[in-house]
Amino acid sequence: MSGNIELLNTTLAAAKAADRAALIAYLPAGFPTVDGGIEAVKAVVAGGADVVEVGLPHSDPVLDGPVIQTADDIALRGGVRIADVMRTVREAYEATGVPILVMTYWNPIDRYGVERFTAELAEAGGAGCILPDLPVQESALWREHADKHGLATVFVVAPSSQDARLATITAAGSGFVYAASLMGVTGTRASVGAQAQELVGRTRATTDLPVCVGLGVSNAAQAAEVAGFADGVIVGSAFVKAMLDAPGEAAGLAAVRSLAGELAEGVRKR
């Protein structure tokens, strides 16, 4: 079975054709439980998310801030495994029909086996992977298997990336480019800032891939600001925080659905 990279491509193209940015939501698998995580994906899509990133919880998430670290810890203490991540992708895709990617550090894939991971992700209906710590120069094996199974390979660029480095990264990627809006870890910010806009401009000079901005967006006004210069707006910590702050799972699902609705309005007011 082939993965859903084409669904991802057409979804992002449809948002562009509608003169808006895509809303991309991030939620960790297994948080607050495996079943609860699947319901959370359904809730953000019901609220208006176009694409979902399912996080593979990691014991040392070096690029993630305290909110996502807390959720990862809850998932890991609950015993989440890669099989649960694949189940989350499968059931979320079957229920929503939107592109579902996995965001993961490289070590779990390396231990699991690249061929096994890509084959299972494609079979589950996944659209690809975001790999924040996999160096492009070490990615040939991953890209070979991802291409074979119809999966996107999304690399992360940062404000510190030099133009030549940007060109190397974007030439190797597919699906979209994940532009980290600032240096540092994930988390909500008071302002996303001009740094992100400059990075999007420099990245676009090297590729025709959509450029989607993450790190720091937490409300409709920030989503609208980023949607003014990016092809997609990626929101993670704000969704996770809404779940963490809720008094119970039902309230958490209502909160993420409501937040997705506000952000979906924001990306349409670019």
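In this predicted model, a good place to start is Arg 116, which lies over the face of Tyr 112, at 3.8 Å from the ring centre. Tyr 112 is itself buried, with a relative accessible area of 17%; the cut-off for that label is under 20%.

**The aromatic cluster**

Tyr 112 also has company among the rings. The structure holds 3 aromatic pairs. One of them joins Trp 106 and Trp 142 in an edge-to-face arrangement, with 6.1 Å centre to centre and 90 degrees between the planes. This pair brings together distant parts of the chain: Trp 106 belongs to helix H5 (residues 106-112) and Trp 142 to helix H7 (residues 140-148), 36 residues apart. Another pair is Tyr 112 with Phe 117, again edge-to-face, with 6.2 Å centre to centre and 85 degrees between the planes. Ring pairs link Trp 106, Tyr 112, Phe 117 and Trp 142 into a cluster.

How accessible are the members of this cluster? The table gives the relative accessible area of each ring residue.

| Residue | Relative accessible area | Class |
|---|---|---|
| Trp 106 | 18% | buried |
| Tyr 112 | 17% | buried |
| Phe 117 | 0% | buried |
| Trp 142 | 0% | buried |

Because buried means under 20% relative accessible area, Trp 106 at 18% still counts as buried.

**The sheet and its inner strand**

Now for the sheet. It is an open one of 9 strands, in the order E5-E4-E3-E2-E1-E9-E8-E7-E6, and the pairing is parallel. Strand E5 (152-154) and strand E6 (156-157) are found at the edges; each has a single partner strand, so one side of each lacks a neighbour in the sheet.

Strand E1 (residues 22-28) is a useful one to follow. How many of the residues of strand E1 are buried? The count is 7 of the 7, so the strand is largely enclosed by the rest of the structure. Both of its faces are covered, with Ala 22, Ile 24, Tyr 26 and Pro 28 buried on one side and Leu 23, Ala 25 and Leu 27 buried on the other.

What are the partners of E1? With strand E2 (residues 51-55), E1 runs parallel and shares 5 bridges; here Ile 24 stands opposite Val 51. With strand E9 (residues 232-235), E1 is also parallel, joined by 4 bridges, and the bridge partner of Ala 25 is Val 235.

The connection from E1 to E2 is worth tracing in your viewer. E1, helix H2 (residues 34-47) and E2 make a right-handed β-α-β unit. E2 in turn pairs with strand E3 (residues 100-103) in the parallel sense over 4 bridges, and Val 54 of that pairing stands opposite Val 102 in E3.

**Enclosed space**

Finally, a word on voids. Searching the whole structure turns up 2 cavities of 30 Å³ or more. The second largest cavity holds about 90 Å³ of space. It is lined by 10 residues, and the closest to its centre are Tyr 26, Asp 64, Met 103, Thr 104 and Tyr 105. Two of these names tie back to the sheet: Tyr 26 is among the buried residues of E1, and Met 103 falls within E3 (residues 100-103).

Notes: Residues are numbered from 1 along each chain as its sequence is written. This is a predicted model: local features need pLDDT of at least 70, side-chain atom pairs count only at pLDDT 80 or more; totals for chains, interfaces and linings use all residues. Side-chain values use heavy atoms; hydrogens and water are left out. Buried means under 20% relative accessible area, exposed over 50%, partly exposed in between (1.4 Å probe, protein chains only). Helices (H or I, at least four residues) and strands (E, at least two) are DSSP runs, numbered from the N terminus. Two strands pair if DSSP finds at least two bridges between them. A crossover is right-handed if, with the strands pointing away from the viewer, the path from the first strand over the helix to the second runs clockwise. Rings of Phe, Tyr and Trp (its six-membered ring) pair if their centres lie within 6.5 Å; planes under 30 degrees apart count as stacked, over 60 as edge-to-face and the rest as tilted. A charge sits over a ring if NZ of Lys or CZ of Arg is within 6 Å of the ring centre and within 35 degrees of the ring normal. On a 1 Å grid over the protein atoms alone, a cavity is a set of points where a 1.4 Å probe fits but cannot get out, and a pocket is an open set with protein on both sides within 12 Å along at least five of seven lines; lining residues have an atom within 4 Å of a point. Grid points are joined across faces, edges and corners, and a volume is the space filled by probe spheres set on the points.
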